[in-house]
Each structure stands twice: as C-alpha cells, then as structure tokens.
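Me: I have a model open and would like to learn how to read a few of its local features with some care. Could you take me through them one by one?

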Amino acid sequence: MKSPESVLKDTFGFDAFRPGQSDVISALVEGQSVLAVMPTGAGKSLCYQVPALLFERPTIVISPLVALMDNQVAGLRMNGVKVSALHSGQSREDNIAEWQAVTHGGTKLLYMSPERLMTGRMLSAMKSLNPAMFVVDEAHCVSKWGPAFRPEYADLQRLKDLFPNARMAAFTATADELTQKDIADKLFSGNGRTIVQGFDRPNLSLAVSPLRNRREQLMEFMKTAQGQSGIVYCLSRKNTEKYADVLKAAGYKALPYHAGLPPETRFENQERFMAEDGVVMVATIAFGMGIDKPDIRFVYHMNIPGSLEAFYQEIGRAGRDGNPAVTALLYGLDDIRMRRQFISDDGSDSEHQMREHKRLDALLGYCEASGCRRALLLSYFGEPAEPCGNCDNCMSPPDMIDATLPAKALFAAISETGQRFGTTHVIAVTRGEATDRVVQFSHDNLAAFGGGKEFGKPYLQALIRQAFGAGIISMDISRYGALTLEQGALDILAGQAVFECKDIAVGRTEKTARQARKAIAETALNADEKDLLSRLKSLRMEFARELGKPAFVVFSDATLMDMVAKVPSNKAEMLDVSGVGETKYERYGEAFLNVIGEA
Ligand code: ADP
Ligand code: MG
Ligand code: ZN
C-alpha cells in the first residue's frame with residue numbers, strides 16, 4: 001500500500017501535511033470513524049481525499065451544494081483522480097454514465113447530496129458497492145444544536161447501522177462541544193475519534209478602525225488592495241449596490257451581491273468572482289456559504305457583524321490558501337445602536353436576548369481591545385494564545401492615556417440628564433451646545449453643561465466607544481439607546497478610579513490602511529516577478545476558460561507564486577513546486593515551463 005505522504009506528493013503535489021491533517025488521515029486509514037473540527041481553509045478536503053485514494057473500495061462524499069461538488073470534482077480530475085458525482089445539475093444520461101464509472105470504472109470518490117443517497121434504491125445499490133468510507137462535509141448540519149440544521153442531514157444517522165463496515169468521516173468548521181457530541185453520536189454512536197484543530201488563522205491580519213467616513217475609509221483601504229480579489233461586507237442591500245458603484249467608478253472590478261437580486265444576477269456575479277482575477281464582491285452576509293475560493297486576499301467589514309462567531313466565519317473566507325490576507329473592520333456607534341435594536345426587536349425571550357447582548361459585548365470588546373486582537377479572539381473560542389504580531393495592536397501598540405478628566409465630564413452629563421439620553425444629546429450637553437433639545441429640556445442649566453467643551457465631537461464619540469468596550473457604560477435599547485452608567489463609571493465620577501484608555505488620535509492617518517499596506521507589501525514582488533506572475537496568470541486563465549472552470553482549478557495562486565519564487569527550468573524542478581503533482585505536470589507542466597523560460 002502507498003503511504004499518505006506519497007499520495008500527497010505525487011497526486012496533489014504538496015510537500016507536507018498541514019497541522020491536524022495527519023491525525024485525521026491516520027485514524028481513517030486505521031479504520032476509525034472521525035469527526036474533525038477544523039477552521040475554514042485548514043484543508044479538510046485532503047483529509048478524506050488522501051485516505052480515499054489509499055482504499056480499494058470507493059468513498060461516498062455527501063456534500064450540500066452542487067457548486068461545491070463541481071469544483072471539487074473538477075479539481076480532483078485535474079490531479080488525475082477517478083471521481084464521479086451524481087446531482088440534479090446533470091442530465092439523466094450524465095448521471096447514468098457517472099454511476100457506471102462507479103460500478104465498473106474504478107471511481108475512488110463519489111459525490112452526492114444527502115437526499116439522493118438516502119433513497120431506498122440508492123441505499124440498496126450502495127450495499128453491493130460496499131463503500132470503504134462515508135464522508136459528511138458541513139457535518140454541523142446533522143445536529144439540531146448546530147447553527148444550520150438540515151432535516152435531510154439528520155437522516156444520515158441511519159448510515160451507521162446500514163453500513164457497519166464503513167468508516168464515517170465528518171467535517172465541520174463550526175461546532176461547539178455540545179454540537180460535536182451530538183454529531184459523533186448521530187453518525188457513529190460515539191465509537192470514533194473527535195479531532196479538534198485550533199481556530200488560529202495566523203495568515204489573516206486583523207485590524208479595526210473607528211468609523212470616520214465609510215466611503216473615504218473604504219477607498220483608502222482599497223488603494224492597498226489593487227487587483228486583489230476580496231469581499232466588502234455591508235449591512236444593507238442598498239449599500240452593497242451603492243459601494244459597488246463607488247468602486248466601479250474608481251476603476252475596480254466590483255460587483256454587488258444580496259438576497260434581493262434576481263437569482264441569475266447572483267449566480268453570474270458569483271461565477272465571475274470565482275473565475276476571474278481581482279473581482280471585489282460587495283455583499284451582504286447572504287454571500288458566504290459555499291464560497292470555496294482559496295485566494296480571497298481581503299475581507300473588509302463596512303459595519304460590525306452580529307457577534308464574534310459571525311465575524312470569525314466571515315473573515316475566515318480570506319486566505320484559505322495560507323498566504324497573507326488582510327481583514328479590517330469599521331466600527332461606529334450607530335452600528336452598535338442598530339445591533340442592539342435588532343436584538344430587542346427580534347421577539348425572542350429575554351434570556352435569549354441577554355445572551356445576544358453579551359455576544360455583542362464581546363465583539364465590542366474586540367473592537368476596543370488595546371492588546372493583541374488575535375489572542376482575544378482565540379481566548380473567546382477557548383484557545384489560549386500569545387500576542388500574534390499580525391494585528392494592528394501588535395504591530396503598533398496603542399499609546400495609553402489617562403482620560404479621567406474628559407470621562408468625568410461625559411459621565412456627569414449622562415448622570416445629570418437622568419441616564420435617559422443617547423449619544424448625540426449627551427455629547428451636546430458635555431460640549432455646551434445649546435441645541436433645540438438641550439434648551440427644550442433646560443439641560444443648558446445643568447452643572448455638567450459645557451463640562452467638556454474643550455473636547456471635539458469625534459473625541460467624545462471615541463471616548464464613549466472605549467467606555468463601552470471597557471463595560472463601564474451601557475446602552476439601554478428599551479429606551480432608544482439611552483446611555484447608562486455602570487459601577488465602573490460611577491467610581492470614576494466619584495473620583496475613586498481613573499480612566500485609562502487608548503490614545504484618541506482623531507484625524508490621524510488610518511492604522512488599517514498602513515497595516516494593510518505592510519501586510520501586502522510583504523508579499524510584494526519586483527517588476528520582473530510581477531510580470532512573470534501576470535503572464536502565468538493569463539496562461540492559467542486560458543486553460544481555465546477552455547475547461548469552463550474557475551482559475552484555481554488549474555493552479556492556485558499559491559502555486560503560481562511558488563513558480564515565481566522557484567523559477568523551475570525542468571520537470572524535476574517543476575514537480576518541486578507546491579501544488580504540482582504528476583498529473584498536473586502532464587497536463588500543464590510544459591506550457592508553464594515555456595512561459596517561465598521566455599523570461
Ligand atoms: P477547508 O475545506 O478546510 O476550508 P480546503 O480543503 O478547501 O479547506 O483547502 C484549502 C486550500 O488549502 C486548498 O487550496 C488546498 O489545495 C490547500 N491545501 C490543503 N492541504 C494542503 C497542504 N498539505 N499543503 C498545501 N496546500 C494545502
Ligand atoms: Mg471544505
Ligand atoms: Zn496581535
């Protein structure tokens with residue numbers, strides 16, 4: 001029998017397994033069932049594809065989306081793997097031919113949807129096929145506890161009794177402990193291993209910027225990401241269209257995506273994003289599930305997401321190929337108020353609302369963190385971590401200042417107005433502005449009126465955000481976002497505590513942009529290398545067009561970058577490039593060697 005390492009090298013062209021992959025593979029090869037919880041981009045597919053190639057009998061892969069199946073199948077065929085798929089996007093004749101390849105053609109992997117597999121006819125056909133392994137991708141759909149339960153997935157729990165000789169391999173990127181146990185119970189009665197691989201994605205840089213002006217900040221960021229493909233997430237459908245237009249006008253290949261667009265448009269925009277280089281998708285969170293593109297170079301959040309869980313999933317779509325990718329988040333007070341409003345409007349019971357408010361608090365803590373953002377994120381997911389060196393706070397630690405004085409002025413305004421007013425009014429009172437409302441409530445007569453008149457509005461807004469982040473003030477949504485004081489703020493007001501916070505640098509250049517420039521510059525190439533890379537990309541595009549498949553099915557960005565770095569001049573050197581295996585060499589090796597040779 002071949003070794004997993006030789007399959008990895010010969011078929012996939014990779015030199016080494018990534019962390020976690022070997023454990024899963026050896027358990028499966030030994031015949032154990034496995035539930036693997038690994039972050040997006042960790043390389044879950046290889047964890048079952050390598051064992052499947054080692055087994056005599058076929059492996060059945062259960063996958064929820066036709067588009068995902070198609071790309072996987074195309075990618076595997078490109079590597080010379082015998083693979084088949086049955087799904088509704090193919091004609092009956094195609095499906096029959098695919099099935100014949102399974103019964104007579106030595107197919108190693110067969111992809112299909114759960115509904116198709118769990119019919120009586122298919123199951124009895126399976127009996128004679130006697131599969132070596134069933135693979136359940138997106139396995140969290142099996143569990144009612146998970147975030148995306150699907151009834152047709154629950155039915156998969158019958159497999160373990162129907163096929164006692166087959167191992168089960170289940171994969172997911174999101175499952176807390178309760179969900180993990182439930183999946184393991186349902187799929188293999190707990191008789192197998194659960195392998196949890198860390199959540200860390202060290203290649204993603206992390207940065208947060210206080211909101212100043214969405215459009216300007218976006219444009220500033222985009223200058224650092226020219227020609228890169230990425231996602232800009234917006235909260236509203238309207239804004240996806242607005243900012244897609246803004247970017248288009250500035251010369252970017254930007255497309256909108258939201259659930260309100262006609263299905264054809266959504267499909268077309270998604271296809272272009274997948275297939276072409278350098279497309280920017282300006283999208284709501286409707287865009288995400290099933291986006292399997294390995295070379296997304298940035299994720300930019302125009303608004304804060306609903307929770308750290310959601311945030312981590314969304315940024316997780318960047319940099320799946322392991323190369324540096326940039327993430328940045330804009331964070332404004334209005335968003336916080338809106339998110340709080342969403343929670344209290346959704347009509348759920350008060351315990352649920354409390355939990356959601358706590359989740360949002362955790363996200364605000366992330367936004368206002370003065371220490372390493374990654375360490376904070378990972379500790380939220382239960383994983384201890386050291387400062388990372390790849391977030392804005394690590395790269396330029398914020399200066400801390402004593403802001404007791406302005407904080408006292410602000411808290412006094414909150415207190416004296418009865419903790420019944422929102423940000424705008426509180427700031428007006430603090431700054432001594434006699435607005436209509438201030439006069440209407442006679443707040444110009446308060447001792448706190450003008451107590452902080454030397455501080456600008458943006459300064460006070462920043463101070464309020466930090467006080468939120470520190471948990472010493474809160475926002476009461478049942479009273480339209482009224483600011484209220486917690487014990488910590490009362491102590492400061494009473495002169496019993498000081499308020500230390502990050503230096504508030506209103507008007508200073510953005511850290512996000514500087515940071516992004518730095519991260520991308522690290523991968524920057526000289527002029528010759530850039531030229532070679534773009535010629536390699538156009539060759540890849542030609543092949544991809546011929547195939548009618550996304551470019552990364554031919555070679556990933558990481559592989560092209562490695563060609564630029566290694567400049568192979570013969571077959572042996574080409575096989576040394578990461579991502580070039582025997583079959584791909586046969587197909588494309590010489591064409592790419594020729595382009596490299598022309599340099
Ligand atoms: P997941 O399903 O966990 O999100 P994928 O299976 O789609 O991740 O893999 C993400 C990317 O990582 C793919 O481009 C894949 O080719 C690449 N990859 C996986 N394992 C390795 C490895 N051992 N060495 C190099 N690249 C790898
Ligand atoms: Mg996957
Ligand atoms: Zn850090």
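**Two serines and a helix pair**

Reply: Ser 189 is partly exposed, with a relative accessible area of 41%; please keep in mind throughout that this is a predicted model.

Me: Where is Ser 189 found, and what is the sign of its phi?

Reply: Ser 189 is found in the loop that runs between α10 (177–188) and β7 (193–196), and its phi is positive, at about 50°, although the residue is not a glycine.

Me: How should I read Ser 442 in terms of accessible area: buried, partly exposed or exposed?

Reply: The class follows from the relative accessible area, where under 20% counts as buried and over 50% as exposed; Ser 442 has 37%, and is therefore partly exposed. Ser 442 also has a positive phi, of about 55°, without being a glycine, and it is found in the loop between α21 (436–440) and α22 (457–469).

Me: At what angle do helix α1 and helix α3 pack, and why is the arrangement described as it is?

Reply: Angles of 65 to 115 degrees count as roughly perpendicular. Helix α1 (residues 4–12) and helix α3 (residues 44–54) pack at about 100°, with their axes 10 Å apart, and because of that angle α1 is roughly perpendicular to α3.

Me: Which residues make the contact, and how do they divide by character?

Reply: From α1 the contact takes Pro 4, Val 7, Leu 8, Thr 11 and Phe 12, while α3 contributes Leu 46, Gln 49, Val 50, Leu 53 and Leu 54; the residues of this contact divide into 8 nonpolar, 2 polar and no charged.

Notes:
Residues numbered from 1 in each chain as written. Chains lettered and ligands numbered in written order. Predicted model: local features only at pLDDT ≥ 70, side-chain atom pairs only at ≥ 80, totals over all residues. Heavy atoms only, no water. Helix = DSSP H or I, 4+ residues; strand = E, 2+ residues; numbered from the N terminus. Buried < 20%, exposed > 50% of the residue type's maximum accessible area, 1.4 Å probe, protein only. Axes fitted to C-alpha atoms, helices over the stretch in contact; angles between N-to-C directions. Parallel < 35°, antiparallel > 145°, perpendicular 65-115°, else oblique. Contact = heavy atoms within 4.5 Å. Nonpolar A, V, L, I, M, F, W, Y, C, P; charged D, E, K, R; others polar.
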